[in-house]
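Me: Could you take a close look at the ligand site for me? I'd like one connected walk through what surrounds the ligand and how the parts of the protein meet there.

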Amino acid sequence: MALQSLHYTNGQFEVLDQLLLPHEIKYVTIKNCEDGWNVIKRMQVRGAPLIGIVAALSLAVELRAMTFESTDHLFEHVTKQLEYLVTSRPTAVNISEVNDQLLAKLLADVLSKKLSLKEIQERVITEAEAYELADVNINMTLARHGAEHILARYQGQSVRILTHCNTGSLATAGYGTALGVVRYLHEQKRLERCFCTETRPYNQGSRLTAFELVHDKIPGTLICDSMASVLMKEQNISAVVVGADRVVANGDTANKIGTYQLAVAAKYHKVPFYVAAPGTSIDVNLSSGDEIEIEERPSSEMTAINGVAIAAPGIDCWNPAFDVTPAELITGGIITELGVLAPSQLEDKFTTKDREKKMF
Ligand SMILES: CSC[C@@H](O)[C@@H](O)C(=O)COP(=O)(O)O
């Protein structure tokens, strides 16, 4: 059975607690936006698409249990809760996307005065709920585009992919983005092996990606982050495929810390470097990567593992959770549901308006 990052049925919502993986599979119930904010902030759920979806579904489940006095009251509440959810994690654009799209639709409904308060409330809920299914469909489409693009380079051969962090079923509503490409290659029997980095300091690679690869019986090999260059030199890597937290208009891409050094090494070793990003992770409102806010995480993520100290007490730490890979290093292309794009094509393909049309 496929790994499920969340369960949402008839207004009941629970998420898989990823902090307990790979040791324990336990779901946490989400009843409102505060619960949603907490699981995102604590990284019980993580991954750019998933945190956007969890934000949307937290709002949906909360609204199902509420009654409002007026459309103004509903609008005020939704605005306040979405703003609050956006504050949970800053780098991934996905929660802001949910915020912008839901508010624009709600405002249009309120202004049109064609629907009753109850109908408007129901529409916000169903639109928030739609993110889950939309995400899986988008991932399957982008995975196919990415895999076909890579296979076209290696006519008839099986390929060996290096990936970073976790971008699979656990980072999305299902199938995955970069790991979706790997999954699709495996389904086509064209994947020889997927190498995954540990992804220090939070170990999304060793805890989550390795878990997914083993669970889904995809041939996988774990490496330490520091082994990536020699892997490219000696292990015949066909392509590096990573996910994204935010791809901006010029193609610069924020993703998990360590992505940038993989791109530098890939360029040196002439290995094509791909970013897999659904439209919900593309932010054409920012023009360059310098404008992306990078989340800094607590030093305890570096100095201890599961509460056990691994660093010299008293050492200062710097723990940026993400880095920005310049567009010029994304030599393979940006894999999206609209095809594999060059950075210069992003603005045309992903205006905010187009994104809304694609999602609903
Ligand atoms: C499809 S997930 C893409 C990215 O969100 C992923 O690579 C990543 O950087 C996740 O970071 P995380 O800190 O685990 O939320």
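Reply: Here's the ligand site, followed by the domains around it. One caveat up front: this is a predicted model, so local features need pLDDT of at least 70 and side-chain atom pairs count only at pLDDT 80 or more, while totals for chains, interfaces and linings use all residues. Residues are numbered from 1 along each chain as its sequence is written.

The ligand is surrounded by 17 residues, counting a residue as near if its C-beta atom, placed from the backbone, lies within 6 Å. Arg46, Ala48, Ala171, Gly243 and Lys256 are the closest. By class, that shell has 7 nonpolar, 7 polar and 3 charged residues (Ala, Val, Leu, Ile, Met, Phe, Trp, Tyr, Cys and Pro are nonpolar; Asp, Glu, Lys and Arg charged; the others, Gly among them, polar). At least two shell residues come from each of α2 (48-64) and β9 (253-256); helices are DSSP runs of H or I with at least four residues, strands E runs of at least two, numbered from the N terminus.

Now zoom out a bit. The ligand lies between domain 1 (6-135) and domain 2 (142-350), because both give residues to its shell; the bounds come from an automatic or database domain assignment. The C-alpha centres of domain 1 and domain 2 are 26 Å apart. Their contact takes 20 residues from domain 1 and 25 from domain 2, with contact meaning C-beta atoms, placed from the backbone, within 7 Å. On the domain 1 side, α2, α4 (94-112) and α5 (117-153) each supply at least two residues, and α2 gives the most, with 5 residues. That side of domain 1 has 10 nonpolar, 5 polar and 5 charged residues.

Methods
Two residues are in contact if their C-beta atoms, placed from the backbone, lie within 7 Å.
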